[in-house]
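User: I would like to learn how to read the features of a fold, one at a time. Please walk me through this one.

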Amino acid sequence: MMSNGLKLICMTVLAITLLAASLYANSPMTPFDIAAQNVSNVRIGDPVTVAVNLLSGSEVFGSYKFLVAYDATRLNFVNATIGNDLVPCNWESFSYTLLPCSQCDTRLVEVTAVADLANGGAHPSCLSQFGQILKLNFNVTTDTLKAGST
C-alpha cells in the first residue's frame, strides 16, 4: 500500500507528464533542416572543408549520428571535427570512423557526437545550436585518371 506522500509524488509526476504532453500536442513540431555546404572552385590537391549546418527545427537534440557518403574518386577523407557553433558548448564525446572499403568508389564516414555522457560531473553548457554542427575535411584527389579528368 502506498503512503499519502508517495501517492502525491506519483500524481504530481503524472500531472507534469500530462501537462508536458499537452504543451507539445498544441505546438507544431517542425522537422530538422540540415544541409551540407556546397563547395566550389577547388583545384586538384586542394584541402576542402564541407560544413554541415542545422538550419531549422523546433526540437532540441543532445546527440547526432551521421553516415556520410562521398566520392572517393575525387576526395580523400582527412578528418571530421565538431562544428564551430557547438565548440563553445563543450560536448563530451565526438568520434568518426572511416568505414572499410578500400576499393570502393563511394566511401562512408560515420560521425557521432554526444553532448552529455552519464559518467561524471562535466556537463555541456548548451545542446543543439542553429548553425555549423559538423565539419568534414577532405583533400581533392591528385589522381586525375581516377577522377576521370585529364
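**Reading the fold**

Analyst: Strand β3 (residues 63–71) has two faces: Tyr 64, Phe 66, Val 68 and Tyr 70 are on the covered one, and Ser 63, Lys 65, Leu 67, Ala 69 and Asp 71 on the uncovered one. A word on the source: this is a predicted model, where local features need pLDDT of at least 70, side-chain atom pairs count only at pLDDT 80 or more, and totals for chains, interfaces and linings use all residues. Residues are numbered from 1 along each chain as its sequence is written, and side-chain values use heavy atoms, with hydrogens and water left out.

User: How are strands and helices assigned, and how many helices and strands does the protein chain hold?

Analyst: Both are DSSP runs, numbered from the N terminus: helices are H or I over at least four residues, strands are E over at least two. The protein chain has 2 helices and 7 strands. Read from the N terminus, the order is α-β-β-β-β-β-β-β-α.

User: When do two strands pair, and which strand does β3 join?

Analyst: Two strands pair if DSSP finds at least two bridges between them. β3 runs antiparallel to β6 (residues 106–114), with 9 bridges joining them. One bridge sets Phe 66 against Val 111 in β6. β6 also pairs with β5 in the antiparallel sense, over 6 bridges. There, Leu 98 stands opposite Val 109 of β6.

User: What is the strand order of the 3-strand sheet?

Analyst: The order is β3-β6-β5, an open sheet with antiparallel pairing. β3 and β5 are the edges; each has a single partner strand, so one side of each lacks a neighbour in the sheet. On average, neighbouring strands here are turned by 15 degrees against each other, direction ignored. For such angles, axes are lines fitted to C-alpha atoms, for helices over the stretch in contact, and angles run from 0 to 180 degrees between N-to-C directions.

User: And what is the order in the sheet of 4 strands?

Analyst: That open sheet runs β1-β2-β7-β4, again with antiparallel pairing. Its edges are β1 (33–36) and β4, each with a single partner strand, so one side of each is without a neighbour in the sheet. The average turn between neighbouring strands is 20 degrees, direction ignored. β1 and β2 run antiparallel and are joined by 4 bridges. Asp 33 has Ser 56 in β2 as its bridge partner.

User: How is burial read, and is Thr 73 buried or exposed?

Analyst: Buried means under 20% relative accessible area, exposed over 50%, partly exposed in between (1.4 Å probe, protein chains only). Thr 73 has a relative accessible area of 8%, so this residue counts as buried. Its place is in the loop between β3 and β4 (75–82). Over the protein chain of 150 residues, 26% count as buried.

User: Which side chains make polar contacts with the side chain of Thr 73?

Analyst: A polar contact is a pair of N or O atoms within 3.5 Å; within protein, one must be able to donate a hydrogen and the other to accept it, and residues adjacent in sequence count only if both atoms are side-chain atoms. The Thr 73 side chain makes one with the side chain of Asp 71 at 2.4 Å. Another goes to the side chain of Arg 74 at 3.3 Å.

User: What counts as a disulfide, and how many does the structure hold?

Analyst: A disulfide is a pair of cysteine sulfur atoms within 2.5 Å. The structure holds 2. Cys 89 and Cys 126 form one, with sulfur atoms 1.7 Å apart. This pair links distant parts of the chain, 37 residues apart: Cys 89 is in the loop between β4 and β5 (93–98), Cys 126 in the loop between β6 and β7 (131–140). Both Cys 89 and Cys 126 are buried. The torsion about their S-S bond is about -90 degrees, so the disulfide is left-handed. Another disulfide joins Cys 101 to Cys 104, S to S 1.4 Å. Cys 101 is partly exposed at 29% relative accessibility, and Cys 104 is partly exposed at 26%. In sequence order, the bonded cysteines pair 1-4, 2-3.

User: Finally, which residues touch the most other members of the largest nonpolar core?

Analyst: In soluble globular proteins, nonpolar side chains tend to be buried together. A nonpolar core is a set of buried Ala, Val, Leu, Ile, Met, Phe, Trp, Tyr and Cys residues joined through side-chain atoms within 4.5 Å. The largest here has 26 residues, and Tyr 64, Trp 91, Ile 133, Leu 134 and Leu 136 touch the most other members. β2 (47–56), β3, β4, β6 and β7 each supply at least two residues of this core. β7 gives the most, with 5 residues.
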